[in-house]
Amino acid sequence: MQEAQAAFGNAAIYVEKNLQRVRHIEVQVIGDKFGNAVPVGERECSIQRRHQKLIEECPSIAVSPQLRRSLTRAAVRIARAANYHNVGTVEFLLTEDGSYYFLEMNTRLQVEHPVTEIVTGTDLVKDQIIVAAGEELPYEEADLLTRGWGIECRIVAEDPFNNFLPSVGKVVFAREPAGPGIRVESALYDGVEVTPYYDSLLAKVTAWGRNREGARTRMKRALAEFRVVGVATNIPYLQQILDHPDFVSGNVDTGFLDRHQVFAAEPLAEQRELAEMAALLLVTGGETEVAVDSTGNSAATNGHRNGSSAWRGRMGGLSEAKAMGRWPKSI
């Protein structure tokens, strides 16, 4: 009470119910100045590390049509009670018995909005601008028909092999995944500097599928194609989460990562190969071509023509089964 009084000038406190094994479910809403408040589906955000979301889904495997109606109605009532005219997210905690509890409302466009857009076909950024301009929303809830399943992964510059220490430095090579059902939002490019002064988020990858398993397998393929060299990323960590049997079955909650202790493992052979390439580049100033023979071993040649381009081509083809996402500390 003394701390509350000193910080907020109000010594009032309240007691919260202790909830175990809960899911983090949030409802996307948007309201205009004409009295319209439309819910735009729910998101499953239970895969969290230190209360930071890593993987989001739309819809949630735990939300039935009846529960969805109840959650969306509650979110709309909250938005209307606040006379809210913007894009926002109402967050709930969902217990195993289907009870839900209000957590908070985020009065902004959230990081995970693409997973909602890819399933509902909306453009929440455009809708936010329309509402801010004082115009009426061009649709209502009945117009929004969800299609398929979406999964979004956050790619962050953290080293999962070193207690998730933030990784800074220059990205010397970046290749983003593509293909049907894949959406990527990032500021990655060759030479971009990752500094310690901002959030560690590098990119967001969203995968769409006709069902949850289709979205999951498509996301696995996208992460395996993602290449980031120069800083460490959490891509191998995300790959192991997607492969975990409990995640595959949808048996998740906010304590999933703490309970299962999912740790990514980096093949030593891959680390050594990357270290050899980096050492050659360091010695030759980027002019050495790296050849890979039929056994998969790398060897250097003394050619000076297109050395850097040849190296980039080799790096893009390494480790097709696993994304690199790491620059070895042994360099």
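**Entry 1: an exposed proline**

I take a residue as exposed when its relative accessible area is over 50%, and as buried when that area is under 20%. The model I am reading is a predicted one, and I began with P196, which I found in the loop between strand 12 (193-194) and strand 13 (201-209). Its relative accessibility is 58%, so I entered P196 as exposed. I then looked up its distance to G169, and noted that the two lie 27 residues apart in sequence while their C-alpha atoms are 9.0 Å apart in space.

**Entry 2: strand 1 and E26**

Next I turned to E26, which I located in strand 1 (residues 23-31). Is E26 buried or exposed? I recorded a relative accessibility of 0%, and therefore E26 counts as buried. I looked for partners of this side chain and found a polar contact of 2.8 Å with the side chain of R43, and I also noted a polar contact of 2.8 Å between the side chains of E26 and K53.

**Entry 3: strand 4 and its neighbours**

From strand 1 I moved to strand 4, since 8 bridges join the two in an antiparallel arrangement. As a point of reference I noted that V29 stands opposite G88 in strand 4. How many of the residues of strand 4 (residues 87-94) are buried? I found that 8 of the 8 are, so I describe this strand as largely enclosed by the rest of the structure. In a regular strand the side chains alternate between the two faces of the sheet. I therefore checked the two sides of strand 4 separately, and found V87, T89, E91 and L93 buried on one side, with G88, V90, F92 and L94 buried on the other.

On to strand 5 (residues 100-106), which runs antiparallel to strand 4 and is joined to it by 6 bridges; here I noted V90 opposite M105. The hairpin of these two strands has 5 residues between them, and in it I saw that G98 takes a positive phi near 90°.

**Entry 4: strand 3 between two partners**

I then looked up strand 3 (residues 52-58), where 6 of the 7 residues are buried, so that I can again write of a strand largely enclosed by the rest of the structure. Strand 3 pairs with strand 2 in the antiparallel sense over 4 bridges, and I found R49 bridged to Q52 of strand 3. The hairpin of strand 2 and strand 3 has 2 residues between the strands, and within that hairpin R50 takes a positive phi near 55°. Strand 3 is also joined by 4 bridges to strand 6 (residues 149-156), likewise antiparallel, and for I55 I recorded C153 of strand 6 as the bridge partner.

**Entry 5: the largest pocket**

I looked next for open space, and noted that the largest pocket holds about 310 Å³. Its lining is made of 16 residues, and G41, R68, E141, L144 and T146 lie nearest the centre. Strand 2 (37-49) and helix 2 (65-81) are the elements that each give two or more residues to this lining, and helix 2 gives the most, with 5 residues. I recorded the character of the lining as 7 nonpolar, 4 polar and 5 charged residues.

**Entry 6: helix 5**

I closed with helix 5 (residues 212-225), whose 14 residues should span 20 Å at 1.5 Å a residue, and I found its end C-alpha atoms 20 Å apart, which agrees. At the start of this helix, a side-chain oxygen of N211 reaches to within 3.4 Å of the backbone nitrogen of E213. Among the buried residues of helix 5 I listed R212, A215, R216 and M219.

Terms used:
Residues numbered from 1 in each chain as written. Predicted model: local features only at pLDDT ≥ 70, side-chain atom pairs only at ≥ 80, totals over all residues. Heavy atoms only, no water. 1 Å grid on protein atoms, 1.4 Å probe; cavity = no way out; pocket = protein on both sides within 12 Å on 5 of 7 lines; lining within 4 Å. Points joined across faces, edges and corners; volume = space filled by probe spheres on them. Nonpolar A, V, L, I, M, F, W, Y, C, P; charged D, E, K, R; others polar. Expected span 1.5 Å × (residues − 1). Buried < 20%, exposed > 50% of the residue type's maximum accessible area, 1.4 Å probe, protein only. Polar contact = N/O pair within 3.5 Å; in protein donor to acceptor, adjacent residues only side chain to side chain. Pairing = 2+ DSSP bridges.
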